[in-house]
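Q: Got a minute to go through this one with me? I'd like to jump around a bit.

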Amino acid sequence: QLTSNKIVQESDLLICLGTRLPVKMTGYDVKSFSPKSKKVIVDIDENEINKHKFDIDIKINSDLNLFLNKLKEKMTTLQIDEWKKQVIDLRSEQKYFYPKHESLKEYTSFYYFTHKANKHYKDYPIVTSNGTAHVVTLQMYNLNKNQRLFTNVGCASMGYGLPAAIGASIANKNGKVVCIEGDGSIMMNLQELQTVVAYDLPIKIILINNEGYLSIKMTQESFFNGQEFASGSDNGVSLPNMKNISNAFGIEYHSIKNNDEIDQVMEVAMGTNKPSIIEVFTHPYERHEPKVTHKGIGSDGKIIPGQLTDMSIREGF
């Protein structure tokens, strides 16, 4: 989010605890990451500390439990009231979904769906697959203190959601788990629906139907002038009718085709102790926004990265 990026970029002290700081956090212009700050990196793996391509003021190779206990012993009250107010003011301006998401009529906005989902997911563990399932859920959803969320952004292997949700369901006492999957992603492990049926696991599968591989569509839009190949139904990706698939496996099926249907359908679908597929029909080009966009291709053929605080959102879809 823009506010988080702005806070990091304007801070004068950055303490990083056990994070590998991937480019998704630093941006591709790594040397411009948090340029005003003194940086303290704490990690149990020394290699993770030394791999970074920006200056680190203090490197601490330590287990976090040990570090935090030592820090607690020496901690003093910081005079940062002005900075706290600045952060609170920035946070108050934060938008998580936009008018175009709420007013969408022909489809369901997954941003708006996730905003409404807070009351429907209750305390259930959440497992996400990749693409929209991961990006929008982590960007939008407010986890409560009784929830855990599992995702696989590090590997980002398609099809992760369903088998991971099976494991989470077996481990959870009441078995209820929310699994958020994409229509393309679930095809990688579609056979695991029979495992769900065989063990009668009350997994609620939120299936995002955006007619293909949205992340690939967005990449092709950004770098190939919208020339699509093997990313949607018009250019080589064919996906089955999920209602028919649900019937074949004997799984309850529900569909949400626009924003107005969200609450009514979710209340019914989430109220049973049976496995369910809830197919959410989203706009086939609902972008992940706001996002940092590149500034073009340089004369050397390399992508010119955008700045972390230069995040944009388009008016339409």
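Q: Start with phenylalanine 67: buried or exposed?
A: Buried. This is a predicted model, and in it phenylalanine 67 has a relative accessible area of 14%. The cut-off for buried is under 20%, so phenylalanine 67 falls in that class.

Q: Which helix is phenylalanine 67 in?
A: Phenylalanine 67 sits in helix α4.

Q: And how far is phenylalanine 67 from aspartate 43 in space?
A: 9.6 Å, C-alpha to C-alpha. In sequence the two are 24 residues apart.

Q: Switching to the surface. Which residues form the nonpolar patch?
A: Leu13, Ile15, Leu17, Leu68, Leu71, Met75, Leu78 and Ile80. Together they have about 680 Å² of accessible area.

Q: Which elements give two or more residues to that patch?
A: β1 (13-17) and α4 (64-74). β1 gives the most, with three residues.

Q: Take leucine 17. Where does it lie, and why does it count as partly exposed?
A: Leucine 17 is in strand β1. Its relative accessibility is 37%. Partly exposed runs between 20% and 50%, so leucine 17 gets that label.

Q: Pockets next. How much space lies in the second largest one?
A: About 470 Å³. It is lined by 15 residues.

Q: Which of those are the closest to its centre?
A: Asp12, Leu13, Leu78, Ile80 and Trp83. Leu13, Leu78 and Ile80 also belong to the nonpolar patch.

Q: Which elements supply at least two residues each of that lining?
A: α1 (2-10), β1 and α5 (81-92).

Q: How does the lining of the second largest pocket divide by residue type?
A: Nine nonpolar, three polar and three charged.

Q: What about closed space? How many cavities of 30 Å³ or more?
A: Three, from a search of the whole structure. The largest cavity holds about 50 Å³.

Q: Which residues line the largest cavity?
A: Gln9, Thr26, Gly27, Tyr28, Asp29, Ser32, Phe33, Gly306, Gln307 and Leu308. By type, that lining has three nonpolar, six polar and one charged.

Q: Electrostatics now. How many salt bridges?
A: The structure holds nine. Side chains of opposite charge can pair when their charged atoms come close.

Q: Which residue does glutamate 10 pair with?
A: Lysine 6, with the closest N and O atoms 2.9 Å apart. The two are four residues apart in helix α1, so about one helical turn separates them.

Q: Are glutamate 10 and lysine 6 buried or exposed?
A: In between. Glutamate 10 is partly exposed at 28%, and lysine 6 is partly exposed at 30%.

Q: What does lysine 116 bridge to?
A: Aspartate 263, with the closest N and O atoms 3.0 Å apart. Lysine 116 is in helix α7 (residues 110-121) and aspartate 263 in helix α13 (residues 262-269), so this pair ties together parts 147 residues apart in sequence.

Q: Which other lysine forms a salt bridge with aspartate 263?
A: Lysine 119, with the closest N and O atoms 3.6 Å apart. Lysine 119 is in helix α7 and aspartate 263 in helix α13, so this pair ties together parts 144 residues apart in sequence. Lys116, Lys119 and Asp263 are linked in a network of salt bridges.

Q: How accessible are aspartate 263 and lysine 119?
A: Aspartate 263 is partly exposed, at 22%. Lysine 119 counts as exposed, at 54%.

Q: Last topic, backbone geometry. What joins glutamate 289 and proline 290?
A: A cis peptide bond, with omega about -10°. Proline 290 is in the loop between β9 (276-281) and β10 (291-292).

Q: Why flag that, or a positive phi?
A: Most residues other than glycine have a negative phi, and most peptide bonds are trans.

Q: What is the phi of lysine 122?
A: About 55°, so positive, although lysine 122 is not a glycine. Lysine 122 lies in the loop between α7 and β4 (126-128). Its relative accessible area is 45%, partly exposed.

Q: And the phi of glutamate 211?
A: Positive too, about 60°, and glutamate 211 is not a glycine. The loop between β7 (203-209) and α11 (214-223) holds glutamate 211. It is partly exposed, at 35%.

Notes
Residues are numbered from 1 along each chain as its sequence is written. This is a predicted model: local features need pLDDT of at least 70, side-chain atom pairs count only at pLDDT 80 or more; totals for chains, interfaces and linings use all residues. Side-chain values use heavy atoms; hydrogens and water are left out. Patches are made of residues with over 30% relative accessible area and no salt bridge: like charges are joined within 9 Å, nonpolar side chains (Val, Leu, Ile, Met, Phe, Trp, Tyr) within 5 Å. Accessible areas come from the Shrake-Rupley method with a 1.4 Å probe; for residues, only the protein chains shown count as cover. A salt bridge is a side-chain nitrogen of Lys or Arg within 4 Å of a carboxyl oxygen of Asp or Glu. Buried means under 20% relative accessible area, exposed over 50%, partly exposed in between (1.4 Å probe, protein chains only). On a 1 Å grid over the protein atoms alone, a cavity is a set of points where a 1.4 Å probe fits but cannot get out, and a pocket is an open set with protein on both sides within 12 Å along at least five of seven lines; lining residues have an atom within 4 Å of a point. Grid points are joined across faces, edges and corners, and a volume is the space filled by probe spheres set on the points. Ala, Val, Leu, Ile, Met, Phe, Trp, Tyr, Cys and Pro count as nonpolar, Asp, Glu, Lys and Arg as charged, and the others, Gly among them, as polar.
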